[in-house]
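Welcome! Here are a few exercises to work through with the structure open beside you. Try each task before reading its solution.

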Amino acid sequence: MEDRPARDLPESLAARRGALRLLAHVLRDGRMLGDGASGLTGAPAARALRLAGLVLRHMGRADALLKARMQRQPAARIRDILRLAVVEIFVDGAAPHGVVNDAVALARATPRTVKQAGLVNAVLRGLGGAEAEWTALPPPALPAWLRKPLAKAWGRDRLEAIEAAHLTPAPLDLSVKPGGLAPDGVTLPTGTLRLDGGQVSALPGYAEGTWWVQDAAAAVPVRLLGDVAGQRVLDLCAAPGGKTMQLAAAGAEVTALDVSEARLKRVAENLTRTGLSATVVTADAMNWTPPAPFDAILLDAPCTATGTIRRHPDLPHLREARDVEALTRMQFHLLDRALTMLAPGGRLVFCTCSLLPVEGEHQITAALKRHPDLRATALDPAAYGLPPETQSPHGLRLLPDLWPDRGGLDGFYMALLTKAA
Ligand SMILES: C[S@@+](CC[C@H](N)C(=O)[O-])C[C@H]1O[C@@H](n2cnc3c(N)ncnc32)[C@H](O)[C@@H]1O
């Protein structure tokens with residue numbers, strides 16, 4: 001069955017096989033979930049992706065449940081088959097009978113695992129009545145390289161609340177042009193329109209380009225720049241372009257720069273769909289010299305993206321402690337480089353979608369020491385629809401456990417800096 005074309009398999013079995021392929025890409029090949037190939041298209045591909053994401057999100061819990069029922073650690077593929085079955089039964093509420101049958105069929109499908117089909121059957125059938133045990137399991141712990149600095153920065157209770165927030169996928173957030181056609185949803189205090197989900201391209205206003213998908217937290221940094229109408233604004237790490245569109249919609253004359261040509265294609269597509277305009281530049285910010293200094297700069301620097309684990313449950317399985325060092329070094333250099341492109345009296349917003357202070361608060365504290373001509377503006381969270389606890393040294397700090405009853409938001413740090421005139 002492993003080599004059989006997906007069209008010859010029942011859809012649910014094809015999707016489950018696809019999910020196992022995606023899990024192997026992430027867990028064994030170290031590739032991002034979105035880059036993996038399930039071997040499927042259309043609805044089964046979407047289902048496979050969703051199932052693989054579900055396993056990665058709940059993996060620590062599935063492993064805890066399974067560990068108590070097995071004497072030895074089985075082969076990696078068998079472990080994934082069992083994990084998939086567990087999350088389908090306990091998270092998705094799938095009918096156990098069909099899940100177990102497919103799990104056994106998947107084990108039988110390869111010579112390497114055929115002998116363990118009996119084990120799969122026995123372990124899964126032994127899960128009957130384990131709902132209470134499953135519900136009592138704590139959320140999966142983040143890896144130690146992340147847990148330690150987060151506990152130090154935000155405290156153990158907050159860390160556990162962040163881990164709990166990672167169990168729930170992010171809602172669908174839209175930034176809507178003023179007066180633009182938009183689907184029904186709830187408007188958050190920050191101004192973002194929030195929906196439960198849905199097929200993006202089928203929602204009212206998609207074809208008209210009256211909105212774009214952008215997490216509520218990611219929509220705040222541009223607002224720190226205040227009125228940008230008619231100003232020359234540089235979006236220094238622009239792709240895929242959420243903030244470029246915000247700046248253009250606010251009337252700025254935007255230059256959107258990014259080092260990645262492939263990612264910049266998405267900026268161009270987004271601008272075309274929304275009817276907004278920006279000058280798009282493919283360049284490494286470290287080597288690029290602007291024709292003239294800018295009135296304002298947005299530096300949404302590359303980072304660990306640990307603030308987006310709700311939407312990217314593969315991240316904790318892929319990133320490593322050593323990534324942090326390389327990224328913080330890059331943020332340091334990009335920030336200094338950006339300052340050379342800023343006009344005297346100009347404003348710069350630095351932001352990262354990271355949970356780690358070394359990629360946020362510490363970067364700004366260090367930059368203020370390095371550049372005596374730089375000032376950080378004290379920000380009032382209420383002015384952006386945010387609660388007082390988001391105020392943080394020199395900026396705003398958002399963590400995913402904020403607004404649990406509203407569906408949370410991405411982790412972000414942002415600061416507004418002004419260069420002396
Ligand atoms: C956090 S993402 C930007 C997200 C974007 N601002 C948005 O809101 O849609 C960081 C971006 O930085 C870009 N990048 C990384 N190093 C760069 C460099 N040296 N010069 C320019 N862009 C760079 C990456 O290609 C990536 O697209």
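**Exercise 1. Find the helix that holds Gly242, and decide whether this residue is buried or exposed.**

Solution. Keep in mind that this is a predicted model.
- Step 1: Look at residues 242–249, which make up helix H10; Gly242 belongs to this helix.
- Step 2: Count the neighbours. Within 10 Å of Gly242 there are 21 other C-beta atoms. A residue counts as buried at 20 or more, so Gly242 is buried.
- Step 3: Ask who those neighbours are. Setting aside residues up to four places away in sequence, Gly242 touches Trp212, Gln214 and Ala218.

**Exercise 2. Do the same for Asp300: which strand holds this residue, and what is it in contact with?**

Solution.
- Step 1: Asp300 sits in strand S8, which covers residues 294–300.
- Step 2: Asp300 has 23 other C-beta atoms within 10 Å, so this residue is buried.
- Step 3: Once neighbours within four places in sequence are left out, the contacts of Asp300 are Pro221, Cys237, Lys243 and Cys351.

**Exercise 3. Describe the surroundings of the ligand, and set them beside the UniProt record.**

Solution.
- Step 1: The ligand is surrounded by 18 residues, and the closest are Cys237, Gly242, Val259, Ala285 and Asp300.
- Step 2: Sort the shell by character: ten residues are nonpolar, three are polar and five are charged.
- Step 3: See which elements contribute. H10 and strand S6 (253–258) each give at least two residues to the shell.
- Step 4: Turn to the record. An unreviewed UniProt entry lists residues under "binding site", among them Cys237, Gly242, Lys243, Asp258, Asp284 and Asp300.
- Step 5: Place this in a wider span. The unreviewed entry in UniProt also gives residues 134–420 as "domain: SAM-dependent MTase RsmB/NOP-type". In the model, that span is 30% helix and 22% strand, and its end C-alpha atoms are 57 Å apart.

**Exercise 4. Work out the strand order of the four-stranded open sheet, and explain why S2 and S4 have a side without a neighbour.**

Solution.
- Step 1: The order is S2-S3-S1-S4, with antiparallel pairing.
- Step 2: Strand S2 (186–187) and strand S4 (211–213) are at the edges and have a single partner strand each, so one side of each has no neighbour in the sheet.
- Step 3: Follow S1 (residues 172–176) to S3 (residues 193–195): the two pair in the antiparallel sense over three bridges. Leu174 has Leu193 as its bridge partner in S3, while Asp173 stands opposite Arg194.
- Step 4: Now follow S1 to S4, again antiparallel and over three bridges. Here Ser175 is partnered by Trp212 of S4.
- Step 5: Check how covered S1 is: four of its five residues are buried.

**Exercise 5. Which residues of helix H4 are buried, and which helices do they pack against?**

Solution.
- Step 1: H4 runs over residues 96–108, which is 13 residues. From first to last C-alpha H4 reaches 18 Å, close to the 18 Å expected at 1.5 Å a residue.
- Step 2: The buried residues in H4 are Val99, Asp102, Ala103, Val104, Leu106 and Ala107.
- Step 3: These buried residues pack against helix H1 (11–27), helix H3 (76–90) and helix H5 (117–125).

Conventions: Residues are numbered from 1 along each chain as its sequence is written. This is a predicted model: local features need pLDDT of at least 70, side-chain atom pairs count only at pLDDT 80 or more; totals for chains, interfaces and linings use all residues. The expected span of a helix is 1.5 Å times one less than its number of residues. A residue is buried if 20 or more other C-beta atoms lie within 10 Å of its own, exposed if 12 or fewer, and partly exposed in between; C-beta atoms are placed from the backbone. Two residues are in contact if their C-beta atoms, placed from the backbone, lie within 7 Å. UniProt positions are given in the numbering used here, feature names are shortened, and annotations may be inferred rather than shown by experiment. Two strands pair if DSSP finds at least two bridges between them. A residue is near a molecule or strand if its C-beta atom, placed from the backbone, lies within 6 Å of it. Ala, Val, Leu, Ile, Met, Phe, Trp, Tyr, Cys and Pro count as nonpolar, Asp, Glu, Lys and Arg as charged, and the others, Gly among them, as polar.
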